[in-house]
Amino acid sequence: MDHEGYMRQALDLAREAMEAGEVPVGCVVVWEGRVVGRGRNRREENKDALAHAELMAIHEANQTLGGWRLHKADLYVTLEPCAMCAGGIVNARIPRVWYGAEDTRFGACGSALDVFSAPLNHRPQVTGGILAEESLALMQQFFQRLREKRKKPASPCCGETKGDIMMEFQYEDNRIFLPDGKGGVLAEITFPVGGDGLPVIDHTYVSGSLRGQGVAGKLMEAAVAALRASGRQAHVTCSYAVGWRDKHPEAADVLL
């Protein structure tokens, strides 16, 4: 099988991830012409920050072969590996990496940073652009679905009609809000990017007419979901958000 053939197997796994509500990334590990490891994103499913496609595939390959060294393997993944997965590739001694689409935000093979250019004891050969358009199309389809889902009412209280205003959250870069239909807002949460490059949840607001209906909590849930979907973490300085974070340990992977 050629490189595109193996990448198509990885793309099939990426599609499985998307249908499961995960960011669509798939990966296969090939040892002397035989697929010995398969993986797809399972971060949401497993509630595990480490459950990236590459690490899942490496783990399965280790179990299949009965050892941690994958020194004769090729790894095919639909999206450029992040720094964590690049570290896993180094530790598994994988000599060749083939990826599909570049990841300009988190890619660690030369796009956002280049882990493999560091003075490490192992440096794999890396080739990108294998069926990149198909990989990119999957990512775009996933995030389009996510945007459409966000346009729906976030909760029963935010889907009710108040006068002639249909209350539903609107999304902008680093801001989620509930318009009042007159150019103002009934509720909002903001998370601008701070000096270290991470967003900062610095403000929440709920109109007095909506207080006691759980809207602030729904704003926090929406912000956490948006940050998690984009692979980002955020600092918290707003007093309400700090209290909410402390009561919701399930958001610890996002809220610092």
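**View 1. Phe143 is partly exposed, with a relative accessibility of 23%.** Welcome to this predicted model; our tour of close-ups starts at a pair of neighbouring rings. Phe143 counts as partly exposed because its 23% is not under the 20% that marks a buried residue. Phe142, in contrast, has a relative accessibility of 9%, so Phe142 counts as buried. What kind of aromatic pair do Phe142 and Phe143 form? The pair is edge-to-face, with 80 degrees between the planes and 5.0 Å from centre to centre.

**View 2. Tyr6, Tyr76 and Trp98 are linked into a cluster by ring pairs.** The chain has 3 aromatic pairs in total. One of them joins Tyr6 and Tyr76 in a tilted arrangement, with 35 degrees between the planes and centres 5.2 Å apart. This pair ties together distant parts of the chain: Tyr6 belongs to helix H1 (residues 3–19) and Tyr76 to strand S3 (residues 73–79), a separation of 70 residues. Are these two tyrosines, Tyr6 and Tyr76, buried or exposed? Both Tyr6 and Tyr76 are buried.

**View 3. Arg175 places its charged end over the ring of Phe177.** Look for the end of the Arg175 side chain, and then for the centre of the Phe177 ring, 4.0 Å away.

**View 4. Helix H4 (residues 83–91) has buried residues that pack against other elements.** Which residues of H4 are buried? They are Cys85, Ala86, Gly88, Ile89 and Val90. Their packing partners are helix H3 (53–65), strand S3 and strand S4 (96–101). Follow the chain just past the end of H4 and you meet Arg93, which has a positive phi of about 65 degrees.

**View 5. Gln63 is a residue of helix H3.** Gln63 counts as exposed because its relative accessibility is 57%, and exposed means over 50%. Where does Val36 lie with respect to Gln63? The two are 27 residues apart in sequence, and their C-alpha atoms are 8.8 Å apart in space.

**View 6. Lys47 and Leu131 take a positive phi, Lys47 in one loop and Leu131 in another loop.** As background, most residues other than glycine have a negative phi. Lys47 is not a glycine, yet its phi is positive, at about 50 degrees. You can find Lys47 in the loop between helix H2 (43–46) and H3. With a relative accessible area of 73%, Lys47 is exposed. Leu131 also is not a glycine, and its phi is positive at about 50 degrees. Leu131 sits in the loop between strand S5 (125–127) and helix H5 (132–150). Is Leu131 buried or exposed? Its relative accessible area is 13%, so Leu131 is buried.

**View 7. The whole chain has 7 helices and 13 strands.** To put the close-ups in context, step back to the full model. The C-alpha trace spans about 65 × 30 × 30 Å along its principal axes. Of the 256 residues in the chain, 45% are buried. Among contacts with a separation of 6 or more, 52% are between residues 24 or more positions apart. The chain exposes about 12700 Å², and carbon and sulfur atoms supply 50% of that area. There are 29 positive and 33 negative side chains, with the centres of the two sets 3 Å apart.

Technical notes:
Residues numbered from 1 in each chain as written. Heavy atoms only, no water. Phe/Tyr/Trp six-rings, centres within 6.5 Å; stacked < 30°, edge-to-face > 60°. Helix = DSSP H or I, 4+ residues; strand = E, 2+ residues; numbered from the N terminus. Buried < 20%, exposed > 50% of the residue type's maximum accessible area, 1.4 Å probe, protein only. Lys NZ or Arg CZ within 6 Å of the ring centre and 35° of its normal. Contact = heavy atoms within 4.5 Å. Areas by Shrake-Rupley, 256 points an atom, 1.4 Å probe, with all protein chains shown as cover. Lys, Arg positive; Asp, Glu negative; His and termini not counted. Charge placed at Lys NZ, Arg CZ, Asp CG, Glu CD.
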